[in-house]
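Student: Could we go through the pockets in this one together? I'd like to start with what lines them.

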Amino acid sequence: MSSYKISIPEESLNFLRQKLESTRLPDEIEDAGWDYGVPLGDIKRLVAHWKDGYDWRKHEKALNDELPQYTRDIEVDGFGVLNVHYVHKQSEAKNAIPLLFVHGWPGSFLEVRKILPLLVSGSPSFHVVAVGQPGYGFSEAPKKKGFTVPQYAELGHKLMLSLGYNEYVSQGGDWGHFVTRAISSVYGPTHAKAWHTNVHFGNPPESEPAEGYTDAEKAGLARMKWFQEKGTGYMQEHNTQPQTIGYSLADSPVGLLAWIYEKLVNWTDSYPWDDDEVLTWISIYWFSRAGPTASIRNYYEFAQKGGRPWFLKTYPTTIPIGHSCFPKELFVPPRSWVKENNLVFESRHDSGGHFAAHEKPVELVDDLRKMFGKDGPAFGVVPGKDGY
């Protein structure tokens, strides 16, 4: 294990500035708004700020001050040793619950930033490990074909064991949902004791419920329909030809910005993104150890295995599950679609979207406390660890 501080070389900052100065932007249809994608005005504003106003060193220092970061070599079966970057902060509570936080795309370890101080304090409290997925941020990327969710799960599990957490719980959304489900299936209940997710991929029943759907459930179905029809183009490219779009992401900071900024806006619930906030998020991808293309290859590897149907069939779980549902998530199934017998906790919120830890940190942490607290359905799942 080695302590880690983000320290981007000055030549990398100069290179980014040069790339931004040579930007060539497309034209735009009159009154296009968001109908065709990210508006030109937004990109012009963000590029100008990134080039002349945004202070990476200020935000780099803030990240280093707030997040205790480390790297460690983890061997993954068939793929050799990968050097993984992670955040690790222990609670002062002697019996705090070890929790593995797993991000997705287009997120990073940054997503733990707001919930970290909340999780390590209060009752119950948690020892928090936020793993930087291989190929994201400052973690090394796999070099061989076939590295997908089971390997991410193996790495996350081995990281927890290496830190002395023989028994732990987990939380994840987006790809983090699949990774924590795989951890729960393979390493539970011996090591993985329970898991919580902010997205649940339920399946439609054979017939609609006799009582029909509530207004909130109808809104969720409409959200899923919108995503399927208007929001999955990126996924088709990632699933089929990730290297092709990868050249644009790796060579053009503006291409990378537009590719991810679209999701930050469309996948959240009117979240008031600050320009510095957006650019810090994007800069972590631009300055990432392996480059931004490495972060999207998992889509292809997962699709080659058979995607979600293969995964859910191959990795059933028996340990307790908790689910927090936010209305602007991308998959918002009605309650009748979610039938797992081990779903012990469910909370449905009136606002919030895909990046729950970033958008609704207080609500997400409150749900974890309700699930694992003294009167919660998963209290005491890690013997002797209750956070009090």
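**Pockets and their linings**

Tutor: In this predicted model, helix 10 gives the largest share of the lining of the second largest pocket, namely 5 residues. Helices are DSSP runs of H or I with at least four residues, numbered from the N terminus. Residues are numbered from 1 along each chain as its sequence is written. Local features need pLDDT of at least 70 and side-chain atom pairs 80 or more, while totals for linings use all residues, and side-chain values use heavy atoms, without hydrogens and water.

Student: Which helices each supply at least two residues of that lining?

Tutor: Helix 2 (40-52), helix 9 (242-251) and helix 10 (253-266) each do so.

Student: And how much space lies in the second largest pocket?

Tutor: About 520 Å³, where a volume is the space filled by probe spheres set on grid points joined across faces, edges and corners. A pocket here is an open set of points on a 1 Å grid over the protein atoms alone, where a 1.4 Å probe fits, with protein on both sides within 12 Å along at least five of seven lines, and lining residues have an atom within 4 Å of a point. Of its 27 lining residues, Leu 25, Pro 26, Ile 43, Val 254 and Ala 258 are the closest to its centre.

Student: Switching over, what volume has the largest pocket?

Tutor: The largest pocket has about 620 Å³, and of its 23 lining residues Phe 178, Phe 201, Phe 227, Met 235 and Arg 308 are the closest to the centre. Helix 8 supplies the largest share of that lining, 4 residues.
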